[in-house]
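Subject: Structure handover

Dear colleague,

Here is the structure you are taking over, with the sequence alongside. My notes on what was found follow below.

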Amino acid sequence: MPRCGWGGDDPVYVAYHDEEWGVPEHDDRALYEKLCLDGFQAGLSWIIVLKKRDNFRKAFDNFDPEKVARYGKRQINK
C-alpha cells in the first residue's frame with residue numbers, strides 16, 4: 001500500500017495511516033474520540049497523542065459521550 005511520507009515507519013503511525021486516516025467515521029463514540037484526541041494534539045505531536053491513546057481512553061471512560069456528559073466537578077478537575 002502506498003503511504004504518505006509523514007508517517008515514517010513507526011508502527012503506531014503506520015496503523016493509523018492505513019486504518020484510520022482519511023476514513024469516514026460513522027460511529028458516534030469513535031467520532032467523539034477522534035474529536036477529543038484532535039483537541040489534545042494542540043501543542044503535541046500527533047504520534048505522542050496516538051501513543052497515549054489508551055491512557056486517554058481510560059481517563060475518559062472509553063470516550064463514551066453520555067458518561068463524559070455526566071462528569072461532576074471532581075471528575076472534570078481530575
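Accessible areas here come from the Shrake-Rupley method with a 1.4 Å probe. On that basis the protein chain exposes about 5,900 Å², and carbon and sulfur atoms supply 54% of it. Please keep in mind that this is a predicted model.

Overall layout

The protein chain has six helices and zero strands, so the pattern read along the sequence is α-α-α-α-α-α. Its C-alpha trace spans about 45 × 25 × 15 Å along the principal axes. The chain has 78 residues, of which 24% count as buried. If one takes the contacts between residues at least 6 apart in sequence, 39% of them join residues at least 24 apart.

Charges and salt bridges

The protein chain carries 13 positive and 14 negative charges, and the mean positions of the two sets are 9 Å apart. Side chains of opposite charge can pair when their charged atoms come close. How many salt bridges does a search of the whole structure find? The search finds eight.

Six residues are linked in a network of salt bridges: Glu20, Arg29, Glu33, Arg53, Asp54 and Arg57. Two of the bridges in the structure involve glutamate 33, and I take them in turn.

In one, the side chains of arginine 29 and glutamate 33 meet at 2.7 Å, N to O. Both residues lie in helix H2 (residues 28-40), four residues apart, which is about one turn of the helix. Is each partner buried, or is it partly exposed? Arginine 29 counts as partly exposed, at 28% relative accessibility, whereas glutamate 33 is buried, with a relative accessible area of 2%.

In the other, glutamate 33 meets arginine 53 in a salt bridge of 3.0 Å, N to O. Glutamate 33 is in helix H2 and arginine 53 is in helix H4 (residues 53-59), so this pair ties together parts that are 20 residues apart in sequence. Arginine 53 has 11% relative accessibility; because buried means under 20%, arginine 53 counts as buried.

A further salt bridge joins lysine 34 to glutamate 25, with the closest N and O atoms 3.4 Å apart. Here lysine 34 is partly exposed at 21% relative accessibility, and glutamate 25 is partly exposed at 30%.

Aromatic rings

The structure holds eight aromatic pairs. One of them is formed by tryptophan 6 and tyrosine 13: the ring centres are 5.4 Å apart and the planes stand at 80°, so the pair is edge-to-face. The cut-off behind that label is an angle over 60 degrees between the planes. Tryptophan 6 is partly exposed, at 37% relative accessibility, while tyrosine 13 is buried, with a relative accessible area of 15%. Ring pairs also link these two residues into a cluster with Tyr16, Trp21 and Trp46.

Tyrosine 13 comes up once more, in a comparison of positions along the chain. Which separation do the C-alpha atoms of isoleucine 48 and tyrosine 13 have? They are separated by 10 Å, although the two residues are 35 residues apart along the chain. Isoleucine 48 lies in helix H3 (residues 46-51) and counts as partly exposed, at 40% relative accessibility.

The loop between H4 and H5

Most residues other than glycine have a negative phi. Aspartate 61 has a positive phi, near 45°, and asparagine 62 has a positive phi too, near 55°. Where do they sit? Aspartate 61 is in the loop between H4 and helix H5 (65-69), and asparagine 62 is in that loop as well. Aspartate 61 is partly exposed, with a relative accessible area of 31%. Asparagine 62 also counts as partly exposed, at 39% relative accessibility.

In short, the points to look up in the viewer are the salt-bridge network that includes Glu33, the ring cluster that includes Trp6 and Tyr13, and the positive phi values of aspartate 61 and asparagine 62.

Regards

Definitions and conventions
Residues are numbered from 1 along each chain as its sequence is written. This is a predicted model: local features need pLDDT of at least 70, side-chain atom pairs count only at pLDDT 80 or more; totals for chains, interfaces and linings use all residues. Side-chain values use heavy atoms; hydrogens and water are left out. Helices (H or I, at least four residues) and strands (E, at least two) are DSSP runs, numbered from the N terminus. Buried means under 20% relative accessible area, exposed over 50%, partly exposed in between (1.4 Å probe, protein chains only). Contact means heavy atoms within 4.5 Å. Lys and Arg count as positive and Asp and Glu as negative; His and the chain ends are not counted. The place of a charge is taken as NZ of Lys, CZ of Arg, CG of Asp or CD of Glu. A salt bridge is a side-chain nitrogen of Lys or Arg within 4 Å of a carboxyl oxygen of Asp or Glu. Rings of Phe, Tyr and Trp (its six-membered ring) pair if their centres lie within 6.5 Å; planes under 30 degrees apart count as stacked, over 60 as edge-to-face and the rest as tilted.
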